[in-house]
Amino acid sequence: MKELKTAIVTGSGQGIGRAIALRLASDGFNVVINDVDQVKAESVSGEIERLGRKSLAVKADVSNRDEVFEIVSQAQEAFGSVDVMVSNAGIAQVKPLLEVTKEDLERIFNVNVFGVLYGLQAAAEQMKKQQSGKIISACSIAGYKGFSLLGVYSATKFAVRGLTQAAAQELAQFGITVNAYCPGIVGTQMWEHIDERMAEYMDLKRGEAFRQFSEGIALGRPEKPEDVAQFVSYLASDDSNYMTGQSIMIDGGVVFS
């Protein structure tokens with residue numbers, strides 16, 4: 001009988017993270033759900049168990065290194081291995097660069113960059129013992145193109161691309177691959193926040209910023225969390241075994257590189 005694999009998905013209480021977790025469960029993974037909101041984490045964990053997979057809900061803040069290592073420790077203790085680490089947790093920040101404060105920088109870098117690095121470090125520590133594993137991180141189209149009013153957010157995503165490339169080279173010797181996914185304009189609570197804040201700066205009505213960005217999508221519709229989850233499913237599968245160090249855009253045709 002084939003042994004089940006285990007995946008961790010941070011920030012998976014809602015949105016893209018939830019969609020990824022559910023897809024990986026349907027692919028046959030036991031899934032560890034992480035979120036800063038325990039109620040949301042347990043709700044998604046329950047959905048996974050109803051799919052016939054085992055799940056564990058772990059409340060943790062990815063900006064806290066010790067808490068990230070604890071997620072991995074609990075996953076390994078509960079399921080015996082950590083085969084896939086999806087560092088999905090992230091936050092957005094809409095503000096002109098000339099208004100960005102030290103506190104703004106610390107908050108978003110702590111989650112979007114430090115959280116990714118901590119996830120990478122914690123997962124790699126366990127995966128090195130296994131001599132195998134896949135580390136997958138959340139990047140963005142903003143990791144390829146800096147966007148007005150999203151300058152600092154863009155900087156964090158450029159950083160994720162750099163970490164992905166460097167980690168792929170350092171961890172290949174242990175049988176670990178490192179890749180990232182770059183969503184575009186996704187209908188999630190994060191984009192609701194971006195839309196609301198951009199409307200204030202651009203003198204738009206609520207929903208208009210999201211609509212304007214969506215009009216530039218070649219495939220003609222906004223992205224759904226499930227669109228991202230389908231690609232992460234590939235990155236987590238054996239089909240991607242020869243891919244490492246890549247940050248791939250899954251955006252419906254917004255940014256072309």
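Leucine 149 counts as buried, at 15% relative accessibility. I should say right away that this is a predicted model. Leucine 149 sits in the loop between E5 and helix H5, the helix that covers 151–171. What is the sign of phi at leucine 149? Positive, about 70 degrees, although leucine 149 is not a glycine.

There is another non-glycine residue to put beside that one. Glutamine 131 has a positive phi as well, of about 60 degrees. Its place is the loop between H4 and strand E5, with E5 spanning 133–138. Glutamine 131 is partly exposed, with a relative accessible area of 45%, whereas leucine 149 is buried. So if you have Ramachandran plots open, those are two residues to look up: glutamine 131 and leucine 149.

Staying with loops for a moment, please find valine 100. This residue is in the loop between strand E4, residues 84–87, and helix H4, residues 102–130. Valine 100 comes out as partly exposed, at 21% relative accessibility; the buried class is for values under 20%. How far apart are the C-alpha atoms of valine 100 and valine 152? They are separated by 8.2 Å, with the two positions 52 residues apart along the chain.

Now to the cysteines. How many disulfides does the structure hold? Zero. Cysteine 139 is in no disulfide, and the nearest cysteine sulfur, that of cysteine 182, is 3.7 Å away. The cut-off for a disulfide is 2.5 Å between the sulfur atoms. Seen from the other end, cysteine 182 is in no disulfide either, with the sulfur of cysteine 139 as its nearest at 3.7 Å. Are these cysteines buried or exposed? Cysteine 139 is buried, with a relative accessible area of 3%, and cysteine 182 is buried too, at 0%.

Next, charges. A search of the whole structure finds nine salt bridges, and I'd like to walk you through a few of them.

Let me start with arginine 18, which pairs with glutamate 47; their closest N and O atoms are 2.8 Å apart. Arginine 18 lies in helix H1, residues 15–26, and glutamate 47 in helix H2, residues 38–50, so this pair ties together parts that are 29 residues apart in sequence. As for accessibility, arginine 18 is partly exposed, at 28%.

Then we have aspartate 27 with arginine 23, where the closest N and O atoms are 3.1 Å apart. Both ends of this bridge are partly exposed: aspartate 27 has a relative accessible area of 35%, and arginine 23 has 29%.

The pair I'd ask you to look at in your viewers is lysine 95 and aspartate 104. They form a salt bridge with the closest N and O atoms 2.8 Å apart. Are the two residues buried or exposed? Both of them are buried.

Finally, let's go to the surface. Which residues form the negative patch? They are Asp61, Asp66, Glu67, Glu70 and Glu77. Asp61 is found in the loop between strand E3, which covers 55–59, and helix H3, which covers 65–79. At 31% relative accessibility, Asp61 counts as partly exposed. A residue needs over 30% to be included in a patch, so Asp61 qualifies on that criterion with its 31%.

That's my tour, and I'm happy to go back to any of these residues with you.

How values were computed:
Residues numbered from 1 in each chain as written. Predicted model: local features only at pLDDT ≥ 70, side-chain atom pairs only at ≥ 80, totals over all residues. Heavy atoms only, no water. Patch = residues over 30% accessible without salt bridge, like charges linked within 9 Å, V, L, I, M, F, W, Y side chains within 5 Å. Areas by Shrake-Rupley, 256 points an atom, 1.4 Å probe, with all protein chains shown as cover. Salt bridge = Lys/Arg side-chain N within 4 Å of Asp/Glu carboxyl O. Lys, Arg positive; Asp, Glu negative; His and termini not counted. Charge placed at Lys NZ, Arg CZ, Asp CG, Glu CD. Helix = DSSP H or I, 4+ residues; strand = E, 2+ residues; numbered from the N terminus. Buried < 20%, exposed > 50% of the residue type's maximum accessible area, 1.4 Å probe, protein only.
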